[in-house]
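This report turns to the fold, a surface patch and the enclosed space of one protein chain. What order do the secondary-structure elements follow from the N terminus on?

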Amino acid sequence: LELNPNQLEGIEIHREAWLHLFIEFDDPKEADQKKKIKELEKLAQKVGVWSKIFPDKISQEQLHKLRGAAAILLQAQAADTPVPVAEDVCVPIEKLAEFLEEAEATCHMAGVPASFWGHAGTGVVSFWPALDLSKTGDRQKLFKLQGSLFGAAMRLGGCPSAAAGDGRVRAPYNQMVLGPELHQLMLAVKKIFDPHNILNTGVKTATAEDVKTHLRTHYSLSNFYDFLPRG
C-alpha cells in the first residue's frame, strides 16, 4: 500500500491489517464450498477479524496476482533492496503462529520491518526484509536475522529450507539440520569426488566465514534467488 497503491486498485482488502490470509476452497461440489464458507464466516466473527468472500474468477485472479507480485513489487520500489534472508523456512502448521510472533519480534529488534509471505497450509514462510548490502551494519543484520529465524524454525520442529536448495547461503546451517555425524559424512563424500573443491565451490559446504567473505554488496532482481557470486 505504501510502495504502490495502484497495485491494490479494485481489490477490497483491510488496509490497516497486519496480516492477510487467503483461504481457498477447491471442493468439487459447490454445496460443500458454501458450507465451509459459512463455517469460516462464523469463525471470523467469533475471533473478531475482517473477512471477505471473493466468489468469482476475476476477483480471485486479482488476489493471486497481488500475492504473486509481492517480491517484485518490493524489489522495484523500496529504497533499500528486499533480500531473501530466509527463503521458504518451514515449521509444523500448529507452530506457525508461534513462529511468526517470534520472527516479528526478531525483525523488530533488528530494526527492520517484518515483511514476509508464505503458505499457511504448509507452514512455509519467506522473509525479505529491506537491507542495503553495501553497509556493514545491514550485512551484520542479515546474518543475525538468518541465525535467529533458522534457529527458531529448528527449535519448533521445522527446517531452514522447504523447497529451494541449500546452496551457499544456508550451507553453514546444514550441520544444524543434518546433525554433526551425517554432516561430516557429507563432507567426506564431497572430498572423495572433488578433492580440490572446484565443483560448485561452497554449495552445501560453505562456512559462515566463507559466506561473509563472498557476500555481494548489492542485490537486485537480476540475481533473484542467489546473493552470492556464482562459483
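From the N terminus on, the elements of the protein chain follow the order α-α-α-β-β-α-β-β-β-α-α-α-α, and in this predicted model they come to eight helices and five strands. Of the 231 residues in the protein chain, 33% are buried.

On the surface, a nonpolar patch is formed by Met176, Val177, Leu178, Leu182, Leu185, Val189, Ile192 and Phe193, which together have about 760 Å² of accessible area. The elements that contribute two or more residues to this nonpolar patch are helix H6, spanning 174–178, and helix H7, spanning 180–193; of these, H7 gives the most, with five residues. Leu182, one of the patch residues, lies in helix H7, and it counts as partly exposed because its relative accessibility of 44% falls between the 20% limit for buried residues and the 50% limit for exposed ones.

As for enclosed space, the count comes to one cavity of 30 Å³ or more, and the largest cavity holds about 30 Å³ of space. Its lining consists of Pro160, Ser161, Asp166, Arg170, Tyr173, Asn174 and Val177, and the table divides the lining residues by class.

| Class in the lining of the largest cavity | Number of residues |
|---|---|
| Nonpolar | three residues |
| Polar | two residues |
| Charged | two residues |

Val177 thus appears in two settings, for it belongs to the nonpolar patch on the surface and also lines the largest cavity.

Key. Residues numbered from 1 in each chain as written. Predicted model: local features only at pLDDT ≥ 70, side-chain atom pairs only at ≥ 80, totals over all residues. Heavy atoms only, no water. Patch = residues over 30% accessible without salt bridge, like charges linked within 9 Å, V, L, I, M, F, W, Y side chains within 5 Å. Areas by Shrake-Rupley, 256 points an atom, 1.4 Å probe, with all protein chains shown as cover. Salt bridge = Lys/Arg side-chain N within 4 Å of Asp/Glu carboxyl O. Helix = DSSP H or I, 4+ residues; strand = E, 2+ residues; numbered from the N terminus. Buried < 20%, exposed > 50% of the residue type's maximum accessible area, 1.4 Å probe, protein only. 1 Å grid on protein atoms, 1.4 Å probe; cavity = no way out; pocket = protein on both sides within 12 Å on 5 of 7 lines; lining within 4 Å. Points joined across faces, edges and corners; volume = space filled by probe spheres on them. Nonpolar A, V, L, I, M, F, W, Y, C, P; charged D, E, K, R; others polar.
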